[in-house]
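User: Please take a close look at one part of this structure and explain it in connected prose. I am a first-year student, so keep the terms plain.

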Amino acid sequence: MNSVDTQLEELKREVTAELPADVSVTDVTYEGPELVIYTRDPRRFAENGDLVRELAGKFRKRISVRPDPTALTPPEQARSRIRELISDDAGVTDLDFYEDTGEVVIEAEKPGVVIGHSGATLREITREVGWTPDVVRTPPIESSTVENVRNFLRQEREERREILERVGRGIHREGLANEEWVRISMLGGCREVGRSAFIISTAETRILVDCGIKKGREERPYLQIPEALGAGANSIDAVVLTHAHLDHSALVPLLFDEGYDGPVYTTEPTRDLMGLLQLDYLEQAGEDRVPPYGPEMVREAIKHTITLDYGNVTDIAPDIKLTLHNAGHVLGSAIAHFHIGDGLYNVAFSGDIRYTDSRLLDGAVNDFPRVETLVMESTYGGRNDYQTDGEDAERKLADLVTETYERDGTVVIPTPAVGRSQELMLALAEAMRRDEIPTMPIHLDGMIWEATAIHTTYPEYLRDDLRDRLLDTEDNPFLAEAFNNIEGDDERAAAADGEPSIVLAPSGMVTGGPVLSWLRQVGPDPDSRLIFVGYQPKDTPGRRIQNGAEEVTIDRGSTGGRQETVSLGLEVDTVDGFSGHADRQGLENFVTTMNPRPEKVLCVHGEESAVQDLSSGLYHDHNLRTFTPKNLETFRFR
C-alpha cells in the first residue's frame with residue numbers, strides 16, 4: 001500500500017469517527033482537489049447540512065458526499081419525484097442520472113429555483129431519492145458550444161473520473177523535497193503582447209500559467225526549455241489558465257499533443273470559451289500555416305479541465321494552493337493567486353485585468369490575504385496610455401455611428417468575439433433604445449453570436465444588474481431586435497448592399513477572420529467607417545491601418561488561397577474606453593490599493609516601452625520594487 005492509499009485509509013477512519021455512529025462511510029477517495037465520501041446514508045447528510053461543512057473545516061479540504069449505489073431510488077421513480085419537488089417556475093429541461101457517482105444532473109432555465117433557499121430544495125431531493133443533485137443552467141440563447149462540451153463530458157465520465165482520481169493522488173502525494181524555494185521562469189509575454197506563458201517552480205512542483213500564441217507572427221512560447229517541456233511534458237504538475245483569449249490559451253492543447261496528461265485549472269466559462277476560440281483558431285489556419293495540433297487535442301484539454309469558482313481555495317499540488325479571483329477582463333477571466341508551502345510565499349498573476357467596472361463585468365479584485373510578488377500585465381502601461389471615460393467613449397462612438405448613418409455608410413468595428421463584442425452590444429443597444437443613434441441593423445459576424453450565447457449561460461459571472469436582466473426573458477439586452485447574426489460571404493454581401501448598418505466582426509487586430517471580408521466589401525467606400533476600439537500591437541495589420549495605411553492585403557481563402565490587396569477609402573477612427581484592459585491609471589490604482597501591497601512587481605505583457613514606463617512609475621512614484629523581465633529569464637524569490 002503506497003502513501004496515498006495509507007492516507008485515504010486513515011482519512012476514512014477519521015471521517016467515520018467524526019460522523020454520528022449510525023452514518024456509514026463505504027469509501028473515501030480523491031477526485032482532483034476534492035475528497036469524495038461515499039455513504040449508504042446520503043439522506044442523513046441532507047438532513048444535516050452542517051455535517052459536510054464541519055468535515056471540510058476539520059480536514060481543510062473540499063468535500064463531496066456521494067451515495068453508495070445501494071442507497072439510490074431507481075432512476076424513473078426518482079425522476080418523477082424530483083419533478084414533483086421542483087417548482088414549475090424553475091423551467092427544468094433535462095434530468096440525467098449517473099449511477100457510478102450517484103449524481104443527477106438537473107438542467108434548468110432558473111437554477112436558483114432548483115437550488116432553493118440556502119440549498120433547501122437540493123437537500124430535499126437527496127432526502128427523498130438519495131441522489132446527489134448537480135444543477136446547470138439551460139442557456140437563454142442556444143449555444144452549440146455549451147451543449148457540445150456538456151455532452152462530451154457526459155460521454156467521457158468514466159475516463160474523466162479516472163483522470164480526476166489520478167490528479168487527486170498526485171495532489172496529495174507525499175512530499176519528497178527537503179528544500180524550500182520559489183522560482184518563476186518567463187516562457188513568453190515579456191516585453192511583448194502575446195504568447196503569455198510562465199512556470200512557477202518549487203522543489204516539489206512545476207505549474208504552467210497560461211500558454212498562448214503571438215497572433216500575426218504565430219510566435220510560440222519557449223516551451224522546450226528544461227523548466228517546461230524540455231524535461232518531459234509530465235514534469236509539469238498542472239496548468240492554470242487565466243482566461244480564454246488566444247494570446248493566453250491557444251497552445252494549451254499542444255501540451256496534450258506533446259504528452260501532457262495532467263489537469264488544467266480555470267473557471268467554467270473560460271473552459272467553454274477556450275474550446276470555442278481554439279477550434280476557430282484551427283479553422284482559420286490557411287495554406288501558409290500548419291495547425292499546431294488537431295481538434296482532438298482541444299477535446300483532450302477540455303476533458304482534463306477542472307473548473308473552479310472565484311474565491312475557492314484549492315489544493316493543486318502538495319505544496320501549492322490556488323485561488324482564482326475576478327479579473328474584470330472578459331467572462332470568467334481570473335487573477336491566479338498561489339499560496340506556496342506552509343506560508344512560505346505568495347504569488348499572484350494578474351492575467352489581463354480591468355480595474356474599473358464595465359457594462360459587462362465588475363472590476364478586478366485586488367484584496368488578497370498575502371501577495372509577496374505580483375506578475376502584472378502592462379498592455380496600457382505607457383506614460384500616455386490613458387483611456388477615455390466609458391461615458392465619453394460611448395458618446396464619441398454614437399456620434400461617429402450617426403454621422404456614418406447619415407451618409408448611408410457602413411460602420412465596421414474589428415473586435416474580439418469574446419468580451420469587447422458583448423460590451424459593444426450592450427452599449428449600442430442602449431444607445432438605440434435612448435434614440436442616441438438611429439435604429440439600424442447591428443450585424444454580428446463570426447463567433448460573436450455563439451460567444452454571446454455562452455455569456456448568457458453564466459450570468460453569475462456578470463454584473464448583478466446585467467445578470468438580473470438576463471434572467472428576465474423579456475428584458476435580455478442580448479436579444480434586442482437590432483442584432484442580426486451573419487454567416488458566410490453571401491450574407492455579408494447582402495448586408496453590405498443594404499441599408500446603413502453597424503458590423504461587429506473578428507478579429508480585433510485585423511489579422512484574419514470575417515473582418516477581412518468586410519474590408520473587401522466596404523473598404524474602398526469613402527462613406528463608410530472603420531472604428532478601432534481595442535489595442536493594436538506592433539506588426540499587426542490593425543496597427544498599420546491605424547497609422548494611415550491606404551491598403552491592406554487580404555487572403556482570398558476559398559478562392560484558392562490567393563491574396564489580394566484592397567484599397568482603403570473608408571474613414572478610420574479609434575475610440576478608447578471599451579478595452580477590457582486597465583489603462584495606466586487603472587494599473588497603478590490596482591497595485592497601489594492592493595491589500596496588502598506586494599513587495600515586488602514583475603511587469604509583463606506589454607510592448608517594451610509600456611513595460612518600462614509602468615515599472616519606472618511604480619518604482620519612482622509608489623516606492624515599489626519593480627522588474628521588467630525578458631523572455632527566458634528566471635527569478636528566484638526564496
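Analyst: A residue is called buried when its relative accessible area is under 20%, and exposed when that value is over 50%. By that cut-off Ile 413 is buried, because its relative accessible area is 0%. The model is a predicted one, and the part to look at is the surroundings of Ile 413.

Ile 413 belongs to strand 18, which covers residues 410-414. Leaving out residues up to four places away in sequence, Ile 413 touches Leu 397, Leu 424, Ile 502, Val 503, Leu 504, Ala 505, Ile 531 and Val 533. Four of the names in that list, Ile 502, Val 503, Leu 504 and Ala 505, fall in strand 21, which runs over 501-505. Ala 505 is 92 residues from Ile 413 along the chain, yet their C-alpha atoms are separated by 6.3 Å. Contacts between residues distant in sequence can be put in terms of the whole chain: of the contacts between residues at least 6 apart, 72% join residues at least 24 apart.

Leu 504 gives a second view of the region. Apart from residues up to four places away in sequence, Leu 504 touches Ile 413, Thr 415, Ser 421, Leu 424, Met 425, Leu 428, Ile 442, His 443, Leu 444, Asp 445 and Ile 448. Leu 424 is thus on the list for Leu 504 and also on the list for Ile 413. In the largest nonpolar core, which holds 119 residues, the members that touch the most other members are Tyr 265, Phe 338, Ile 502 and Leu 504. Helix 14 (residues 420-433) supplies the largest share of this core, with eight residues.

After helix 14 the chain enters a loop that leads to strand 19 (442-444), and Ile 437 lies in that loop. Is Ile 437 buried or exposed? Ile 437 counts as buried, because its relative accessibility is 4% and the cut-off for buried is under 20%. Setting aside neighbours within four places in sequence, Ile 437 is in contact with Ala 398, Val 401, Thr 402, Leu 428, Ala 431, Met 432 and Ile 502. Leu 428 is also a contact of Leu 504, and Ile 502 is also a contact of Ile 413. From C-alpha to C-alpha, Ile 437 is 7.7 Å from Asp 399, a residue 38 places from Ile 437 in sequence.

Now follow the chain past strand 21. The loop between strand 21 and helix 18 contains Ser 507. Most peptide bonds are trans. The bond that joins Pro 506 and Ser 507 is cis, with omega about 0 degrees. Further along this loop, before helix 18 (514-522), comes Gly 512. Gly 512 is buried, with a relative accessible area of 16%. Not counting residues up to four places away in sequence, Gly 512 touches Pro 506 and Ser 507, the two residues joined by the cis bond. In contrast to the short separation of Ile 413 and Ala 505, 6.3 Å, the C-alpha atoms of Gly 512 and Gln 7 are separated by 53 Å, with their positions 505 residues apart along the chain.

A second cis bond lies elsewhere in the chain, from Asn 595 to Pro 596, with omega near -5 degrees. Pro 596 is in the loop between helix 20 (584-592) and strand 26 (600-604).

To place this part in the whole, the chain has 21 helices and 28 strands. Its radius of gyration is 25 Å, close to the 26 Å that the globule rule gives for 638 residues, so the chain is as compact as a globular protein of that length. Along the principal axes, the C-alpha atoms fill a box of roughly 80 × 60 × 45 Å. Of the 638 residues, 59% count as buried, and Ile 413, Ile 437 and Gly 512 are buried too.

Definitions and conventions: Residues are numbered from 1 along each chain as its sequence is written. This is a predicted model: local features need pLDDT of at least 70, side-chain atom pairs count only at pLDDT 80 or more; totals for chains, interfaces and linings use all residues. Side-chain values use heavy atoms; hydrogens and water are left out. Helices (H or I, at least four residues) and strands (E, at least two) are DSSP runs, numbered from the N terminus. The radius of gyration is taken over C-alpha atoms; the globule rule is 2.2 Å times the number of residues to the power 0.38. Buried means under 20% relative accessible area, exposed over 50%, partly exposed in between (1.4 Å probe, protein chains only). Contact means heavy atoms within 4.5 Å. A nonpolar core is a set of buried Ala, Val, Leu, Ile, Met, Phe, Trp, Tyr and Cys residues joined through side-chain atoms within 4.5 Å.
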